Amino acid sequence: MTVLISRSPLTGEPVGEHPVHGPEEVRAAVGRAREAARAWAACGWAGRRARLLAWKRSLARRLPELAESISAETGKPPHDARAEVLLALVHLDWAARNARRVLGRRRVPSGPLAVHQRALLAHRPLGVIGVIGPWNYPLYTPMGSLGYALAAGNAVVFKPSELTPGVGVLLAETLAEAVPDRPHLLQTVTGRGATGEALARAGVDKVAFTGSPATARKVAAVCAERLTPLLVECGGKDAVLVDSSADLDAAADAIVWGAMANAGQTCAGVERVYAVAPIHAALCERIVHRARALRPGSGPDAAYGPITLPAQLTTVERHLKDALAAGARALLGGPESLRPPYADPVVLADVPEDSPAMREETFGPVVAVNAVRDLDEAVARANASDYALGAAVFIGDRRTGLALAQRLDSGAVSVNSVLGFAAVPALPFGGSGASGHGRIHGAEGLRAFTAPQALTVRRFRPPVDLTSFTTPGRRATRAIEAGRWLHSRR
């Protein structure tokens with residue numbers, strides 16, 4: 001069997017060896033998941049909750065092991081990896097505890113025409129969910145799909161990134177150990193793009209994909225063959241708006257963290273900043289001061305780790321050189337900041353809006369800070385993007401900030417912080433345009449892995465039954481006319 005070797009992005013040394021699963025093996029995994037899904041659905045809300053919380057507790061106890069696996073395959077410093085595990089635990093806990101409240105059968109109003117019917121809304125699990133995960137957050141991001149899918153009553157087949165297969169394998173192993181009476185509930189298949197394609201073709205009931213827009217289009221084309229539903233998260237070009245009334249120190253601190261954490265390899269990380277002209281220079285000074293103090297590396301004192309995907313350095317370099325050639329100013333760093341596998345912080349200003357550095361996802365520790373006349377221009381520029389994932393607003397008055405946030409097209413917006421929504425499991429996460437479609441997390445994230453089911457139970461025979469040929473025509477006509485009269489006056 002062909003093998004997939006995962007390597008440390010720091011040293012290039014192998015850290016794991018995994019099989020490359022082909023179409024037949026993937027289909028077999030989906031078949032096993034189909035059987036597991038039936039038994040899992042039969043567990044009921046309480047049974048699933050108890051088992052998922054047992055899994056969560058097991059993951060919490062094994063946090064050091066999970067974090068070590070994440071660090072080995074992504075190069076993240078230990079503290080970043082441990083924080084990622086914690087975020088995953090928070091979301092799994094919420095999904096397990098809230099699935100029944102969100103998805104459980106409930107009564108809805110029948111309305112006057114169907115007063116004789118009891119109307120109920122239920123959400124049934126889809127069956128088997130195929131999850132295709134990314135490498136930048138190999139545990140936290142897929143948990144937003146597989147944890148919620150499991151809580152909703154589905155089984156999952158998970159295909160992790162070829163850069164981080166070990167994290168995915170360990171995740172499935174921990175569930176099998178924590179819930180031994182439900183084997184095959186979560187299975188991991190490993191390989192490259194062809195394995196992901198095989199999963200999308202294997203008859204799953206929905207695919208949840210996280211990755212680039214280019215790969216998403218390929219997955220969508222495969223899903224279209226069977227009309228398989230697809231949930232997509234493709235990253236962003238997130239903007240931060242800064243008003244003259246904002247706390248500039250707090251804004252600079254948040255911007256630097258949002259742009260540089262995880263080496264800038266965060267789908268909802270900060271890539272663009274629009275600051276009103278009177279405070280632009282002061283904000284830039286504060287950002288540069290903080291960014292200059294950061295040092296990438298692998299040890300516990302490192303601010304962030306390497307660029308995990310070596311080819312991404314080429315994109316970062318292209319964006320930097322293009323921006324500078326077009327007239328942008330490098331306030332800190334530049335192309336010389338790239339020293340594989342690391343990239344030192346880069347801060348740009350006055351970057352032309354049509355530059356790739358402002359239009360395309362850079363996915364590196366680079367932030368562009370441009371001046372705008374006012375907040376109206378800031379909103380217009382922030383929205384003039386193919387991406388619409390996350391954003392942030394820094395402003396003195398929170399009420400004004402909320403009003404401004406709702407003018408942004410982004411699927412998630414934080415006021416006076418960045419990525420505030422990431423640690424709130426009750427909030428949905430996702431975007432539109434090149435950022436994808438659909439939502440994970442929160443109630444919407446649970447519903448995303450179910451099919452709504454409308455149910456009615458006849459309570460009594462209505463005085464005029466419009467669904468029976470035995471009702472006299474004259475009586476039916478009078479009833480319809482009465483309804484027409486009522487609705488014409490309400």
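UniProt positions are given in the numbering used here, and annotations may be inferred rather than shown by experiment. The legends below describe a predicted model.

**View 1. The span annotated as a domain.** An unreviewed UniProt entry lists residues 7–453 under "domain: Aldehyde dehydrogenase". In the predicted model, the C-alpha atoms at the two ends of residues 7–453 are 46 Å apart. Helix makes up 44% of the span, and strand accounts for 20%.

**View 2. The largest nonpolar core, with Trp55 and Leu146.** In soluble globular proteins, nonpolar side chains tend to be buried together. Here the largest nonpolar core comprises 80 residues, and Trp55 and Leu146 have the most contacts inside it. Helix α4, residues 78–103, gives the most to this core, contributing 11 residues. Beyond residues up to four places away in sequence, Trp55 touches Leu92, Met143, Leu146, Leu150, Leu171, Thr174, Leu175, Ala178 and Leu186. A second core, separate from the largest one, has 59 residues, among them Leu283, Val288, Ala291 and Leu375.

**View 3. Helix α13 and its covering elements.** Helix α13 spans residues 375–383, and its buried residues are Leu375, Glu377, Ala378, Val379 and Ala382. The elements covering these buried residues include the strands β10 (238–242), β11 (270–276) and β16 (366–372), together with helix α14 (398–405). At the start of α13, the backbone nitrogen of Asp376 lies within 3.2 Å of a side-chain oxygen of Asp374.

**View 4. Surroundings of Thr164.** Thr164 belongs to the loop between β6 (155–159) and α6 (165–178). Thr164 counts as buried because its relative accessibility is 1%. Apart from neighbours within four places in sequence, Thr164 is in contact with Glu73, Thr74, Pro134, Trp135 and Pro138.

**View 5. Glu233, annotated as an active site.** The "active site" annotation in the unreviewed UniProt entry covers Glu233. This residue is part of strand β9, residues 230–233. With a relative accessibility of 5%, Glu233 counts as buried. Neighbours within four places in sequence aside, the contacts of Glu233 are Phe209, Thr210, Gly211, Cys267, Leu389, Phe429 and Ser435.

**View 6. Cysteines without a disulfide.** A search of the whole structure returns 0 disulfides. For Cys223, the closest cysteine sulfur is that of Cys234, at 12 Å, whereas a disulfide requires sulfur atoms within 2.5 Å; the separation is therefore too far for a bond. Cys223 is buried, with a relative accessible area of 2%. Cys284 also counts as buried, at 6% relative accessibility.

**View 7. Backbone geometry at Pro341, His184 and His441.** Most residues other than glycine have a negative phi, and most peptide bonds are trans. Pro340 and Pro341 are joined by a cis peptide bond with an omega of about 5 degrees. Pro341 is placed in the loop between β13 (338–339) and β14 (342–343). His184, although not a glycine, has a positive phi of about 70 degrees. The loop that holds His184 runs between α6 and β7 (186–188). At 39% relative accessibility, His184 counts as partly exposed. His441 likewise has a positive phi, near 70 degrees, and lies in the loop between β21 (436–437) and α15 (442–447). With a relative accessible area of 3%, His441 is buried.

Methods:
Residues are numbered from 1 along each chain as its sequence is written. Side-chain values use heavy atoms; hydrogens and water are left out. Helices (H or I, at least four residues) and strands (E, at least two) are DSSP runs, numbered from the N terminus. A nonpolar core is a set of buried Ala, Val, Leu, Ile, Met, Phe, Trp, Tyr and Cys residues joined through side-chain atoms within 4.5 Å. Buried means under 20% relative accessible area, exposed over 50%, partly exposed in between (1.4 Å probe, protein chains only). Contact means heavy atoms within 4.5 Å. A polar contact is a pair of N or O atoms within 3.5 Å; within protein, one must be able to donate a hydrogen and the other to accept it, and residues adjacent in sequence count only if both atoms are side-chain atoms.
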